[in-house]
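I opened this entry to record what I looked up, one topic at a time. The structure goes in first, and my notes follow it.

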Amino acid sequence: MSVNNEKEKEAVNATKEKKHYLSGKEIREIARANAKEMRRLEKAKNRKAHPSEYTTELKDNNNILEVEGLHSYFFTDQGVVKAVNGVTFNIPANSTVGVVGESGCGKSVTSMSIMRLLQGPSGQIVEGEIRFKVSDFKRDEKGNFIPVYEKDEDGNVIMEPVLDKNGVPKTDKDGQPILKGKQRLDEHGIGVFEQEETVYDIAKMPIKDMYRLRGRQMAMVFQEPMTSLNPVFTIGNQLDEVSLLHVPGATKEFAKKRSIEMLNLVGIAMPERVYASYPHELSGGMRQRVMIAMALAGEPRLIIADEPTTALDVTIQAQILDLFNDLKRKINSSILLITHDLGVIAEMADYVVVMYAGRIIEQGTASEIFHNPMHPYTQGLQKSKPTMKSSEAKLFNIPGNVPNPINMPNYCYFKERCSQCIGKCSGEYPGMVQVSPTHYVACHLYGEKED
Amino acid sequence: MENQEKELNVAETQEENAFAGYDDIAEKEREEQARAAQIEADKQLPPDPEAILEVRHLKKHFVLKKTLMGKPLSTLKAVDDVSFKIKPGETLGIVGESGCGKTTMGRAILKLHQPTAGQIFFEGQDIAGYTPKQMRALRTKMQIVFQDPYSSLPPRSTVGDILAEPVRVHNIVPPEKVKEYVLDIMEQCGLRDYYYERYPHEFSGGQRQRICIARALAVAPKFVVCDEPVSALDVSIQAQIINLLKKIQQERQLTYLFISHDLSVVKYISDKIGVMYLGSMVEFGPKDKIFDNPLHPYTNALFSAVPNPNPDEKVERILLKGDIPSPANPPMGCKFHTRCPKAMEVCKHITPEYREMEAGHFVACHCYSEEYSGKKGE
Ligand SMILES: Nc1ncnc2c1ncn2[C@@H]1O[C@H](COP(=O)(O)OP(=O)(O)OP(=O)(O)O)[C@@H](O)[C@H]1O
Ligand SMILES: Nc1ncnc2c1ncn2[C@@H]1O[C@H](COP(=O)(O)OP(=O)(O)OP(=O)(O)O)[C@@H](O)[C@H]1O
Ligand code: SF4
Ligand code: SF4
Ligand SMILES: [Mg+2]
Ligand SMILES: [Mg+2]
């Protein structure tokens with residue numbers, strides 16, 4: 001890195017020539033065009049809409065989530081960053097889908113799009129559908145939840161007297177006790193309400209309605225815990241809130257008990273201390289586990305975990321992965337697991353999606369991706385991993401860089417770095433080719449039989 | 001009420017101990033005196049001239065509760081008596097459970113936390129007592145890549161400014177060359193030139209991590225604490241960064257303290273390895289010795305938990321059972337005894353000595369002391 005060296009100087013000059021800066025005029029033009037587009041999308045986000053407007057159907061009812069043709073862009077003054085550029089995949093119920101891909105390829109933006117947490121006004125979902133099966137509380141005409149009642153053997157609702165504040169049965173004007181149906185209680189002693197399943201297109205939902213889904217229906221473990229923990233509130237404060245919001249009828253005492261229980265579950269020693277601590281007083285891995293506890297506290301049906309174990313040692317990582325699997329078993333949740341740790345993917349995932357530069361380039365079952373990676377990028381990824389056994393002087397890494405997301409080429413995005421390039425690769429962007437009932441790849445090497 | 005419970009517990013354990021033939025209170029006193037004497041004796045020694053960094057009996061305690069007068073009521077011993085040396089051009093890998101004090105140790109060495117006690121010799125100077133002003137002169141020589149990239153980058157500066165500012169201030173290259181120099185480092189870290197004008201929030205997690213690495217390397221340091229520097233990177237870029245770190249190390253005799261949970265990465269990059277548990281170093285030695293012949297039961301358990309990147313093979317793991325103790329209230333004797341599969345009676349009462357088993361390979365465990373390893377049956 002010393003610039004004294006002649007040769008390096010040349011290299012530096014070469015990089016200097018390559019770059020192109022925009023003139024002030026160009027930037028203003030881009031900004032104007034962006035502003036118009038952003039205003040339109042923001043308006044749609046903030047509109048009021050009846051649920052029927054975004055209720056839809058799943059293509060396959062075994063899925064819990066279907067993402068189709070998702071495009072999420074950032075409108076910056078340098079141009080439009082197409083961070084997610086046409087992504088299609090499904091998450092079947094009660095399964096784990098792993099996502100791998102190069103740093104910056106759009107994994108987090110995909111998951112933030114599903115949560116509808118893209119930072120506006122510059123970050124927007126521009127196109128695509130995100131169909132999500134919601135199991136929400138059923139409401140009566142007045143908008144109240146409908147309790148589930150205990151029934152006797154004959155199927156009749158068991159009745160019990162209504163009590164007043166002092167625990168004395170209330171009576172009507174004839175002196176008869178007033179009766180009501182006995183509500184079923186769950187293992188925490190909290191009343192159960194009737195639920196119903198509907199499918200929403202999240203991409204079209206007004207942002208306000210999303211609040212109902214986050215936490216209980218879907219929850220996210222963020223890649224950088226400090227971005228989502230509030231530095232001025234204690235961990236306990238922030239954890240309690242999840243229970244208070246998502247468990248109907250939860251009291252403060254219940255919330256605290258549950259928070260401590262959750263901290264225990266994620267392997268935190270002395271949960272009482274951590275409960276009373278502020279985020280900056282915790283280690284990186286403790287913050288990450290607090291985030292996980294927060295995401296799991298609502299017992300969501302879909303957990304999106306963005307690099308959930310990067311700050312954890314392998315023993316605690318194993319414990320956390322078990323915890324995810326427990327929840328999956330207990331309430332049939334599904335997991336979208338983003339990680340660069342191929343070992344974690346191998347252990348956890350049923351299906352694997354490989355992303356590159358905002359698109360999916362290969363997907364299949366975990367075993368297909370590991371034993372028979374087909375896309376040259378996936379193959380390169382497999383080769384780069386230092387293993388406990390390897391001892392080469394230099395690690396293999398895929399040479400070159402991704403193209404600039406502002407000016408994507410119209411041929412294969414991996415072409416400049418690919419060692420198996422063929423003539424066809426300079427042509428159109430390769431389409432998805434099915435190579436087995438579950439294995440798909442987007443690469444011209446496998447295109448012959450199709451189209 | 002809490003206090004009462006604690007007292008009860010103490011009484012109970014005391015009874016048990018009397019039964020087992022140990023007097024914990026006397027033992028504790030004896031240990032403390034011996035340790036204080038050791039620290040005093042080591043203070044007199046001159047720093048090792050061959051080491052670029054020598055840490056002796058480093059402690060960092062956080063005060064959790066204070067009395068009204070400001071006296072500490074309960075403290076958390078995040079780093080409790082750690083000693084080691086690193087030679088120039090070497091990489092010391094630090095591994096250990098989440099929350100065991102790795103980050104705190106790294107920060108204390110750079111004086112980003114004022115150490116509670118101990119000596120830190122950097123290039124022969126004890127910097128433990130340096131004032132912030134004195135430290136500023138050392139800042140270009142000692143750098144850190146923070147574990148949490150997002151909160152360590154100023155949100156309102158562009159990447160170009162973040163990287164160029166320290167280069168300019170410390171006159172690393174002539175002013176007219178600064179931009180070229182910064183673009184070159186960015187390129188080496190896999191950051192594209194068009195990122196120069198962008199703000200930190202406009203990046204992905206892995207891109208931010210690389211900005212932090214570029215910032216640390218830009219001022220041509222001698223010693224860098226890398227706290228989980230590649231945890232957010234995919235394996236290919238991870239390989240690129242590790243190759244870069246190694247290349248620069250060879251060119252400039254750079255020394256790294258490399259903290260990571262990824263054991264394959266640690267194994268690849270390190271010359272020496274230190275294993276920490278609950279604020280203490282439990283095993284330390286040359287990489288090959290640690291990986292081929294791990295001695296401490298904790299090291300063994302740690303290595304067995306590495307996930308296997310083959311979905312069809314399920315591996316056998318040593319699962320650690322028992323309560324994970326808190327650094328605010330560490331167990332007596334060996335701190336690992338609550339979870340150790342090999343724990344003996346003596347482990348509950350007497351702190352194992354940190355001793356050299358073979359050249360440069362240290363371990364703190366009673367299994368390797370002739371005096372105690374025979375007592376197992378008791
Ligand atoms: N607010 C933003 N403005 C402009 N560009 C952005 C913004 N946020 C993200 N990007 C860009 O979008 C692309 C995708 O980012 P994303 O965070 O999804 O990557 P990722 O796959 O999660 O990577 P990593 O593994 O490094 O976390 C990146 O190139 C990034 O620079
Ligand atoms: N400012 C602080 N105030 C109080 N306690 C703290 C503070 N900083 C750290 N601690 C505590 O010190 C202990 C060690 O933390 P440290 O960040 O050093 O762990 P670590 O080994 O880096 O863990 P990880 O691998 O999870 O990052 C933790 O129990 C943490 O809660
Ligand atoms: S389409 Fe061509 S350039 Fe792209 S990955 Fe396949 S072989 Fe390589
Ligand atoms: S001293 Fe005892 S408890 Fe500690 S590691 Fe050794 S055997 Fe286990
Ligand atoms: Mg990300
Ligand atoms: Mg840390």
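Before turning to the ligand, I fixed the term I would use: a residue is near a molecule if one of its heavy atoms lies within 4 Å of it. I also note at the outset that this is a predicted model, and I read every value below as computed from it.

Entry on ligand 3. I looked up the surroundings of ligand 3 and found 13 residues around it, of which A:C412, A:C418, A:C425, A:C443 and A:H444 come nearest. Sorted by class, the shell around ligand 3 holds nine nonpolar residues, three polar ones and one charged one.

Entry on chain B as a whole. For chain B I counted up the secondary structure as 13 helices and twelve strands. The chain has 378 residues, and 55% of them are buried. I then checked how the contacts are spread along the sequence: among contacts in chain B with a separation of 6 or more, 62% join residues 24 or more positions apart. The area that chain B exposes is about 17,100 Å², and carbon and sulfur atoms supply 51% of that area.

Entry on one sheet. In which order do the strands of the open four-stranded sheet in chain B run? I read the order as β2-β1-β4-β5, with antiparallel pairing. The edges are β2 (72–86) and β5 (125–126) of chain B, each of which pairs on one side only. Helix α2 (residues 24–44) of chain B packs on this sheet, where it touches β1 (53–66), β2 and β4 of chain B, and its direction makes about 135 degrees with that of β1(B). Helix α3 (residues 102–109) of chain B lies across β1, β2 and β4 of chain B as well, running at about 115 degrees to β1(B).

Entry on the β5 edge. I followed β4 (residues 117–122) of chain B to β5(B) and found the two paired in the antiparallel sense over two bridges. In β5(B), B:Q125 is the bridge partner of B:F122.

Entry on B:Q125. Is this residue of strand β5 of chain B buried, exposed or partly exposed? Its relative accessible area is 44%, and because buried means under 20% and exposed means over 50%, B:Q125 counts as partly exposed. Leaving aside residues up to four places away in sequence, I found that B:Q125 touches B:I120 and B:Y130. Last, I checked B:Q125 against B:L244, 119 residues apart along the chain, and their C-alpha atoms are separated by 29 Å.

Key: Residues are numbered from 1 along each chain as its sequence is written. Chains are lettered from A and ligands numbered from 1 in the order in which they are written. This is a predicted model: local features need pLDDT of at least 70, side-chain atom pairs count only at pLDDT 80 or more; totals for chains, interfaces and linings use all residues. Side-chain values use heavy atoms; hydrogens and water are left out. Two strands pair if DSSP finds at least two bridges between them. Contact means heavy atoms within 4.5 Å. Axes are lines fitted to C-alpha atoms, for helices over the stretch in contact, and angles run from 0 to 180 degrees between N-to-C directions. Ala, Val, Leu, Ile, Met, Phe, Trp, Tyr, Cys and Pro count as nonpolar, Asp, Glu, Lys and Arg as charged, and the others, Gly among them, as polar. Buried means under 20% relative accessible area, exposed over 50%, partly exposed in between (1.4 Å probe, protein chains only). Accessible areas come from the Shrake-Rupley method with a 1.4 Å probe; for residues, only the protein chains shown count as cover.
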